[in-house]
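Visitor: I would like to learn how to read this model one feature at a time. Please start with a single pair of strands.

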Amino acid sequence: MMTSMSRVLTTLSGKEPDRVPLFLLLTMHGAKELGLSIKEYFSKAEYVVEGQLRLLKKYEGDCIYAFFYAPLEIEAFGGEVIYSDDGPPNSGEPFMRDTAKIASFEPPRIADCQKLQKVLEAIKALKNEVRDEVPIIGVVMAPFSLPVMQMGFDKYFDIMHESPELMARLMAANEQFCADWANAQLEAGATAICYFDPVSSTTITTESKYLETGYQAARRTLSKIKGPTATHMASGNCLGRIGKLAETGTAIVGVSARENIGEIKKECGGRLSVLGNLNGIEMRKWTREQAEGAVKKCIAGAASGGGFILSDNHGEIPFQTPDETVFAISAAAKKWGTYPLDWIENNG
Amino acid sequence: MSSIKNSFLEALVACDAMAAREIADEVLAGENAFRELESLIVSSCDEIGNGWMDGRYALSQVYMSGKIVEHIADLISARSESPAKRNPTTAMAVLNDSHLLGIRIVMSVLKSRGYSVLDYGKMEADEIAEKAAADGVKILLVSTLMLNSALKVKDLRAALSARGLDVKICVGGAPFRFDPALWREVGADAFCESASNAPDAIDNLAASMTGGKL
């Protein structure tokens with residue numbers, strides 16, 4: 001049997017491994033495993049290390065997910081994070097509502113950010129445990145998407161459309177930070193970086209604006225990241241934009257449950273691998289049969305020929321998803337994802 | 001008129017405020033000016049809202065076009081012959097989140113259509129219920145970004161009921177788009193997939209109340 005690392009590398013090379021790799025992008029579930037509140041869980045690297053290792057053993061997924069929470073980078077910038085008992089930590093009041101601050105905005109140094117150092121500590125410890133057998137996925141917020149938390153969507157759309165100089169200044173600062181943060185995680189032992197960029201989705205930004213902005217930012221940033229990347233749309237749509245996403249240098253695209261994964265795979269045409277697209281919002285109510293059905297549908301749509309990793313569509317499985325559902329997804333992935341996928345042909 | 005409608009829509013989706021304003025001025029110089037302009041705004045917002053739902057338009061276009069029409073509507077009300085709508089006391093809030101884009105877009109659409117809505121900003125369930133009681137709110141528009149926030153609409157319903165308040169709740173936001181059954185599950189009365197649906201949602205909820213009185 002292949003290791004998780006071999007399985008993933010095989011599928012990314014466009015070949016069929018022993019079975020479809022499964023990325024269970026679990027974060028807060030680690031808190032449940034350790035009997036801690038979400039806030040306590042993320043307060044120490046050792047808790048996240050223990051949580052991820054327990055989750056790996058319990059559900060037999062194919063990756064370690066070194067993601068703490070989305071506004072971690074906002075904390076590094078001095079922004080506010082709000083914790084809750086039943087959901088991911090969320091960014092508080094945007095700290096850059098006064099967009100005049102952009103002119104003098106300088107990104108923080110990674111070495112100076114205690115919160116970021118905690119993540120690096122976790123990655124190093126995880127690497128010691130899993131070595132080269134299981135991929136460790138680090139996470140960054142794309143420079144083009146981070147401003148939503150920095151200043152709010154409305155202000156960001158305003159400067160994106162009305163203030164090209166401020167936009168350029170903001171992107172330059174964010175791009176430098178993003179590349180530095182990604183490389184720090186790779187140096188600590190991350191195998192690949194998940195580049196969250198929902199603002200580059202067709203849901204959020206027009207093609208013309210994307211080509212002027214997010215596309216350019218991604219090309220510049222990804223070229224500075226010293227390891228493989230997956231661009232995650234975090235539930236945003238991407239059909240019609242796959243070609244341009246492939247040109248940014250990314251290897252994988254994380255796709256929405258609202259798009260047909262077979263059509264996405266077809267549009268990828270071997271240029272990108274597909275990650276997705278189980279519906280994270282609905283899965284908390286799934287019966288075992290519904291979970292199995294959803295897994296089968298994804299596999300039937302995109303797994304033939306490799307180039308596919310089964311996962312949820314948002315880049316983080318909701319805290320409300322019961323253990324039974326995660327077990328059901330894992331079991332179904334093994335049952336229906338073992339290559340060759342003759343059942344797909346047999347079922348027409 | 002249809003070429004003016006097409007041109008106005010094109011200006012909005014191109015986020016061209018100047019072009020949209022020129023067309024609005026042209027319409028205002030003609031017959032039945034305010035009614036024609038309102039019709040233009042309504043049809044364009046509906047088209048953009050529908051276009052966002054089916055993937056033809058992006059959220060950035062929804063937001064920027066909303067800003068443009070809100071500004072045009074402000075200009076109309078400044079010289080207005082057009083009466084404001086009379087809707088039941090309506091308030092809008094974002095539940096447990098600092099991301100206010102949804103509320104901004106809906107407020108733009110409603111304002112441009114002459115609806116009066118109280119802006120509660122970001123609040124938790126109990127705060128909303130408290131304020132709704134104080135303001136005599138009959139319709140609440142609630143926006144959420146995260147699943148755990150969407151599930152707290154149940155708490156809002158409970159808080160309103162505990163105060164003996166008969167308030168209609170209309171929800172919107174990403175969690176409800178990804179789980180079509182969620183709005184019923186949390187005890188809401190309606191769901192708006194797009195900001196352009198908000199005026200109809202208010203009208204329908206008003207009609208469902210006893211006599212639709214304010």
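Guide: The model is predicted. Take β6, residues 192–196 of chain A, and β7, residues 229–232 of chain A: four bridges join them in the parallel sense.

Visitor: Which residue of β7(A) does Cys194(A) stand opposite?

Guide: Cys194(A) faces Ala230(A) there.

Visitor: In what order do the strands of the open sheet lie?

Guide: A sheet is read from one edge to the other, neighbour by neighbour. In chain A the order is β1-β10-β9-β8-β7-β6-β5-β2, eight strands with parallel pairing. At the edges are β1 (22–23) and β2 (64–65) of chain A, each of which pairs on one side only.

Visitor: How many bridges link β1(A) to β10(A)?

Guide: Two, and the pairing is parallel. Within this part of the sheet, Leu22(A) lies opposite Leu310(A) of β10(A). Strand β9, residues 273–278 of chain A, also runs parallel to β10(A), with five bridges between them. Leu278(A) has Asp312(A) as its bridge partner in β10(A).

Visitor: What connects β9(A) to β10(A) in the β-α-β unit, and what is its handedness?

Guide: Helix α14, residues 288–302 of chain A, completes the unit with these two strands, and the unit is right-handed.

Visitor: Are the residues of β10(A) buried or exposed?

Guide: For a strand, each face is checked in turn. Strand β10 spans residues 308–312 of chain A, and five of its five residues are buried. One side carries Phe308(A), Leu310(A) and Asp312(A), the other Ile309(A) and Ser311(A), and both faces are covered.

Visitor: What about a charged side chain: which contacts does Glu73(A) make?

Guide: For such a residue, look at burial first and then at partners. Glu73(A) belongs to helix α5, residues 72–76 of chain A. Glu73(A) is buried but has no salt bridge. Because a salt bridge requires the charged atoms to be within 4 Å, Lys118(A) does not qualify: it is the nearest side chain of opposite charge, and it is 14 Å away. The side chain of Glu73(A) does make a polar contact, at 3.4 Å, with the side chain of Trp181(A).

Visitor: Turning to chain B, how far does helix α1 reach from its first C-alpha to its last?

Guide: Helix α1 of chain B, residues 2–13, has twelve residues and reaches 16 Å, close to the expected 16 Å. Its buried residues are Ile4(B), Phe8(B), Leu9(B), Ala11(B), Leu12(B) and Val13(B).

Visitor: Which residue with positive phi follows α1(B)?

Guide: Cys15(B), with phi near 60°.

How values were computed: Residues numbered from 1 in each chain as written. Chains lettered and ligands numbered in written order. Predicted model: local features only at pLDDT ≥ 70, side-chain atom pairs only at ≥ 80, totals over all residues. Heavy atoms only, no water. Pairing = 2+ DSSP bridges. Expected span 1.5 Å × (residues − 1). Buried < 20%, exposed > 50% of the residue type's maximum accessible area, 1.4 Å probe, protein only. Right-handed = clockwise from strand over helix to strand, strands pointing away. Lys, Arg positive; Asp, Glu negative; His and termini not counted. Polar contact = N/O pair within 3.5 Å; in protein donor to acceptor, adjacent residues only side chain to side chain.
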